[in-house]
Amino acid sequence: MSPDSPTEVPVTAPAAAGTSPAWIRVSGDAGAPADLAPLDLRRLVLRLVLGAVGVLAVVGVGSVFAASQLAEREAVNDAAGIADVLAESVVQPVLTEELAQGDPAAVAAFDAIARTRILSDDIVRVKLWSPQGRVVYADEPQLIGQTFPLEEEQLDALRSPSVRAEVSELDRSENVFEQSTDKLLEVYRPVWTPAGTQMLFEIYAAYDPVRERAAELWRGLTGVMLTSLLLLFVLTVPILWRVFTRLRTTQQQREELLVRAMDASAEERRRIAGTLHDGPVQDLVGTSFTVAGAEARAEALGDAALADDLRRSAAAVRSSIGGLRSLLVELYPQGLPAAGLAAALADLAAQASSRGLRVTLDLADGVADGLDSDRQRLVHRIAQECLRNAARHAPTAHVVLALRAEGSSTVLEVSDDGPGFDAAAALAEPADGHFGLRVLGDVAASAGARLDLAAAPGHGTHWRLTIPGGKA
């Protein structure tokens, strides 16, 4: 179909039986791809600061836990040492058999010693146990004489004489009078009367010193961390600045090289297109006129066979002119506005028809001429690729190529009634023959347009390019 051929009567897109496939956006409305976006130093520094804050938060939480564990371990060790000293220097020298038997006078005498020499702000409870679990003495009188089952750790301390210390959750029945606090440090070790009667000496130390020590350790760790991170930040920023400067310089150089390469390619395409236009195309146009004149003379002389041959030759020459003109537009799209988008689309349709497709053009009046040069090149390229895909995958299909205005936007639709394909799968994992889908999406996105695709096996393929504000 040549540019001078009449546009065919508009028809609707070929409809496939069944439910129409859903539209899938192949490109967004954004501009350049993210990897071509210019470097932003402020964003880079912001990410560095956010990363440092995240690291500080994670390390801070870990340091709180570490400080608590370390302080608790230190407090337990200190309490064990204090209990051992008290047992050796205070408790064991005053133990008597009468106290072991629960004599009230002996208990009262030990109570006086315990309250003056053992109990303090840090040690809040003192107990003496018999190996059978009877409380021989406690600074809480209600516990004296009661029997409770000894824990396995307490029995081990008696069987293998040693000092045992731990953090008590105060959930045992013997701790009914200590449950006003959440936890205490519990320390116990065996002691003996002069006659060798074994008893278990137990103290409960306050847990507040543990919290105070943990806070001190955490403050120390936090100071070290903040100083280290600040120093790291101060040392990193100049390095990042230098790297950023080099990257930006490299990006600028790459962009300059890319522009030069594109300019050189465009110049070479322009030269080839000019050579073709001024040489073979003009020669073919002259030949077309010559053959047409010879056809007219042969028909006037009544030589019908020669006239038919010349008519077919003229048609072949005109078809070659159309093919070369499409090639010229493809080689040097900057000449497309001069040739006209409508004529270029008609040539594309003619080329596709020569490959076996049945192409119907539906070009709304004035829409093609109303596009600026960049948008004309975009429409031409998308239409060209869609027709090529149709010729490759649906060579006998009926294709409708429509261009129309919708509000302030321009819409190009290319639909065929071919076998179709799974669009979602092709976009997610491109197979042979469908890798160009993403390329088309990138082309549309870089021009600020939107490309949608509706395709499914047995439902044909439908492309829709939407160009916002497409007027020149």
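This briefing walks through the fold, one sheet, one helix and a few side-chain contacts of the protein shown above. The model is a predicted one. The protein has 472 residues, and 36% of them are buried. Its secondary structure adds up to eleven helices and eleven strands.

**Overall picture**

- If you take the contacts with a separation of 6 or more, 67% of them join residues 24 or more positions apart.
- The accessible surface is about 25,500 Å², and carbon and sulfur atoms account for 58% of that.

**The six-strand sheet**

- Six strands make up an open sheet with mixed pairing, and they run in the order E1-E10-E11-E9-E8-E7.
- The edges are taken by strand E1 (24-25) and strand E7 (358-363); each has a single partner strand, so one side of each has no neighbour in the sheet.
- Further in, strand E8 (residues 398-406) pairs with E9 in the antiparallel sense, over eight bridges.
- Strand E9 (residues 409-416) also pairs with strand E11 (residues 461-468), again antiparallel and over eight bridges.
- Ser415 is a handy landmark here: Val400 stands opposite Ser415 in E9, and in E11 the bridge partner of Ser415 is His462.
- E11 has another antiparallel pairing, with strand E10 (residues 450-455), over six bridges.
- To line up E10 and E11 on screen, look for Leu453, whose bridge partner in E11 is Trp463.
- As a general reminder, strands of a sheet pair through backbone hydrogen bonds, either parallel or antiparallel.

**The E10-E11 hairpin and its turn**

- E10 and E11 form a hairpin, with five residues between the two strands.
- Gly458 sits in the loop between E10 and E11, and has a positive phi of about 85°.
- Gly458 counts as exposed, because its relative accessible area is 52% and the cut-off for exposed is over 50%.
- Gly458 also comes within reach of a distant part of the chain: Pro419 is 39 residues away in sequence, yet the C-alpha to C-alpha distance is 4.9 Å.
- In E11's residue range you also find Arg464, whose charged end sits over the ring of Trp23, 4.0 Å from the ring centre.

**Helix H4 and what it packs against**

- Helix H4 covers residues 152-159, and its buried residues are Gln154, Ala157 and Leu158.
- These three span an arc of only 100° around the axis, so they end up on the same side of H4.
- That fits the general rule: an α-helix has 3.6 residues a turn, so residues three or four places apart point the same way.
- The buried residues of H4 pack against three strands: E4 (164-168), E5 (184-192) and E6 (198-205).

**Two aromatic pairs**

- The structure holds two aromatic pairs.
- One of them is Phe110 with Tyr137, an edge-to-face pair at 5.0 Å centre to centre, with 75° between the planes.
- Phe110 belongs to helix H3 (residues 104-117) and Tyr137 to strand E3 (residues 135-138), so this pair ties together parts 27 residues apart in sequence.
- Both rings are buried: Phe110 has 2% relative accessibility, and Tyr137 has 0%.
- Trp129 and Phe148 form an edge-to-face pair too, at 6.2 Å centre to centre and with 70° between the planes.
- Trp129 lies in strand E2 (residues 123-129), while Phe148 is in the loop between E3 and H4, so the pair links parts that are 19 residues apart in sequence.
- Trp129 is buried at 0% relative accessibility, and Phe148 is buried as well, at 10%.

**A buried lysine**

- Lys127 is part of strand E2, and its relative accessibility of 1% makes it buried.
- Leaving out residues up to four places away in sequence, Lys127 touches residues including Glu174, Glu178 and Glu202.
- Tyr137, the partner of Phe110 in the edge-to-face pair, is also among the residues that Lys127 touches.
- Other contacts of Lys127 include Ala138, Leu143, Asn175, Leu200, Phe201 and Tyr204.

Terms used
Residues are numbered from 1 along each chain as its sequence is written. This is a predicted model: local features need pLDDT of at least 70, side-chain atom pairs count only at pLDDT 80 or more; totals for chains, interfaces and linings use all residues. Side-chain values use heavy atoms; hydrogens and water are left out. Helices (H or I, at least four residues) and strands (E, at least two) are DSSP runs, numbered from the N terminus. Buried means under 20% relative accessible area, exposed over 50%, partly exposed in between (1.4 Å probe, protein chains only). Contact means heavy atoms within 4.5 Å. Accessible areas come from the Shrake-Rupley method with a 1.4 Å probe; for residues, only the protein chains shown count as cover. The arc is that of the directions from the helix axis to the C-beta atoms. Two strands pair if DSSP finds at least two bridges between them. Rings of Phe, Tyr and Trp (its six-membered ring) pair if their centres lie within 6.5 Å; planes under 30 degrees apart count as stacked, over 60 as edge-to-face and the rest as tilted. A charge sits over a ring if NZ of Lys or CZ of Arg is within 6 Å of the ring centre and within 35 degrees of the ring normal.
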